[in-house]
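Open the model in your viewer and keep the selection tool at hand. The tour goes from one sheet to the helices beside it, then out to the whole chain.

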Amino acid sequence: MADVLALDVGGTKIAAGLVATDGALTYAATRPTPGDQGAEAVWAVVAELLDDVLARAGGRVRAVGIGSAGPIDVNAGTVSPVNIPGWRGFALRDRVAAAVPGVPVRLGGDGVCMALGEHRHGAGRGTRSMLGMVVSTGVGGGLVLDGAPFQGRTGNAGHVGHVVVDADGEPCRCGGRGCVETIASGPAMVRWALAKGWTPEAAADAKALGAAALAGDPVALRAYRRGTHALAAMIASVAAVCDLDLVVIGGGVAKSGALLFDPLRAALADYAGLDFLAGLQVIPAELGGEAGLVGAAALATLR
């Protein structure tokens, strides 16, 4: 049986690949996203990747799944990623369908694709209801409820990075204020640490902040504690609303391991006080950067 062509569109990179029936990624290619350029420049990168992957597949794929940064509109098939200013209401589904004719094309948010990939083939296997999260440059997420991806009315359900955890907090790029992304994303933690006197030896980025925290730097440790408490408050709220079994976290910040997960689990115990949340588990993702492509392929083949 032919593979599924999967596309994962983000503000930093765009990836495309072939995914087999068992969820194995058999081929993948990646290009930087020209996010500061116009709509057609970004589409040209997508078209190049599609041509590459189709050539590798011998021109035969059985479906196409697209995971895109949002907001998206699954009904119209359009995307308006915050980090790709040139794409506002861009008809991505129809453009891909025209480039790969004769097969079904399905669009979903990148967060729900990540969650679905982990649910079907990663850390969430066998789980009934879970939240999949990426903590990196931003905080993204997607929901799988009762074994099926939950996209909501427009396809944007699971935007957990914009759950408000500080009513008097900083303005967020989404237009709101006090979102968890303004506290717990990698750049947000770095900004806070710099403002509190952290002096990195080299580049001031999330990787350096993690290294400093592991070395015992008190400001870096406070930045991580602040970020993990914000994440814990958000997770407790989403879990209470959705009655979750599991939270799976991936992304660059999550690669810091126990530095993130130990204080996060401790803080979650303070926020998740309801009896039915007592068994909620928070674990690292397994699929890494492949989750979006694997999940987009799974989305494309849902009945």
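In which sense do strands β2 and β3 pair, and over how many bridges? Select residues 13–19 for β2, then add 25–32 for β3. The two strands run antiparallel, and seven bridges join them. For one bridge, pick L18 and look across to β3: its partner there is Y27. Keep in mind that this is a predicted model.

**The sheet**

Now widen the selection to the five strands of this open sheet. Read across, their order is β3-β2-β1-β4-β7. The pairing is mixed. The edges are β3 and β7, the latter at residues 105–109, and each of these pairs on one side only. Neighbouring strands of the sheet are turned against each other by 15 degrees on average, direction ignored.

**Helices on the sheet**

Select residues 92–99 next. This is helix α2, and it lies across β1, β4 and β7. To show two of those strands, pick 4–9 for β1 and 64–68 for β4. The helix runs at about 150 degrees to β4.

Move on to residues 110–121, helix α3. Which strands does α3 touch? It packs on the sheet against β1, β4 and β7. The direction of α3 makes about 100 degrees with that of β7.

**A helix pair**

Keep α2 on screen and add residues 39–56, helix α1. The two helices pack at an angle of about 40 degrees. Their axes lie 11 Å apart. Is the crossing left-handed or right-handed? The crossing of α1 and α2 is right-handed.

Show side chains for the contact between them:

- From α1, select E40, W43, L50 and L54.
- From α2, select L92, R95, V96 and A99.

Colour these by type: six residues of the contact are nonpolar, none is polar and two are charged.

**The whole chain**

Zoom out. The protein has nine helices and twelve strands. Its C-alpha trace spans about 55 × 45 × 30 Å along the principal axes. The radius of gyration is 19 Å, in agreement with the value near 19 Å for a compact globule of 303 residues.

Colour by burial next: 50% of the 303 residues count as buried. Finish with the contacts. Among those between residues at least 6 apart in sequence, 62% join residues at least 24 apart.

Methods. Residues numbered from 1 in each chain as written. Predicted model: local features only at pLDDT ≥ 70, side-chain atom pairs only at ≥ 80, totals over all residues. Heavy atoms only, no water. Pairing = 2+ DSSP bridges. Helix = DSSP H or I, 4+ residues; strand = E, 2+ residues; numbered from the N terminus. Axes fitted to C-alpha atoms, helices over the stretch in contact; angles between N-to-C directions. Contact = heavy atoms within 4.5 Å. Left-handed = near helix turned anticlockwise from the far one by under 90°. Nonpolar A, V, L, I, M, F, W, Y, C, P; charged D, E, K, R; others polar. Rg over C-alpha atoms; globule rule 2.2 N^0.38 Å. Buried < 20%, exposed > 50% of the residue type's maximum accessible area, 1.4 Å probe, protein only.
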